[in-house]
Amino acid sequence: MTTTSAATSDETAAAIKEAAEKSKAEIQHPSLEKGSNLYGSTKIFPDYQAEPGQSYLTLVHGIAHESSVSFVAILQATRALRKGFDSVLYFYGPGSMNCMATRGFPTTGDSAFPGEHNINNSLETFIAEGGTVYCCRFGLSLHGLREEDLIAGVIPCHPLDVQDALIHYASKGAIINSTYMV
C-alpha cells in the first residue's frame, strides 16, 4: 500500500490549482459580451398575413417534454393565429398527452422543473386568443389519461375524427403543418 504524505498531497493540490488557472486563462471568457450578435437578422420571406377565411391546421403526434416538436408546433400555431388565420391544433396518438391539465409535481400546477408548464401555458394562451384545440380520445386511452383532466377549452374527439378533420381542412385549402415524433 502506498501512503501519500501531506506534503505530496499539498503539492498535488497546488499543481492542480495552477493547471486549472492556466486552463481558464487560455481562452478569454466570455468570448463575447452579453448582447453580442451571433447571427444576422435578415428575413428572407415576406411576413405573410392571412386572407379572410384562411385556415391553418397543425397536427401534433409528439410526446410532451420528450422533444421540442409539440412545444414548437404550439408556438407556430399561435403565430398563425396572430397572423389572422383560423388556427387549429389537433393532438392525436401520444400527442394527446400534451393536453393534460393535471401536469405537476408534487401536486398539479406545481412545476418540478423550469418549463414543466410551458405546454400548458402556451395552450391556454392559444385558446384564450381564439385558437381551437382538438384532442383524440383514443390517444388519451392509450396512455390511461382521463378526458375530465383535459386543459379547459380542449375539445375531445372520436378517433375517426383525425382523418376527417384533415379532409375538412384540406378541402378548405388550409395550410397543414403535420408534426410527428418518432
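**Two histidines and two cysteines**

Me: Which residues does H117 touch, leaving out those up to four places away in sequence?
Reply: This is a predicted model, so what follows are computed contacts, counted when heavy atoms come within 4.5 Å. Setting aside residues up to four places away in sequence, H117 touches R103, G104, G109, D110 and S111.

Me: Where does H117 sit, and is H117 buried or exposed?
Reply: H117 belongs to the loop between β2 (86-91) and α3 (118-128). The cut-off for buried is under 20% relative accessible area. H117 has 11% relative accessibility, so it counts as buried.

Me: What about H61: which strand is it in, and is it buried or exposed?
Reply: H61 lies in β1, the strand covering residues 55-61. Its relative accessible area is 13%, so H61 is buried.

Me: Which residues is H61 in contact with, ignoring neighbours within four places in sequence?
Reply: Some contacts are Y92, G93, P94 and G95. The list also has T179, Y180 and M181.

Me: How many disulfides are there?
Reply: A disulfide needs a pair of cysteine sulfur atoms within 2.5 Å. By that rule, the count is zero.

Me: Why is C135 not bonded to C99?
Reply: C99 is in no disulfide, and its nearest cysteine sulfur is that of C135. A bond calls for sulfurs within 2.5 Å. The sulfur of C135 is too far from the one in C99 because the gap is 3.9 Å.

Me: Are C99 and C135 buried or exposed?
Reply: C99 has 0% relative accessibility, so it counts as buried. C135 has a relative accessible area of 0%, so C135 is buried.

Conventions:
Residues numbered from 1 in each chain as written. Predicted model: local features only at pLDDT ≥ 70, side-chain atom pairs only at ≥ 80, totals over all residues. Heavy atoms only, no water. Helix = DSSP H or I, 4+ residues; strand = E, 2+ residues; numbered from the N terminus. Buried < 20%, exposed > 50% of the residue type's maximum accessible area, 1.4 Å probe, protein only.
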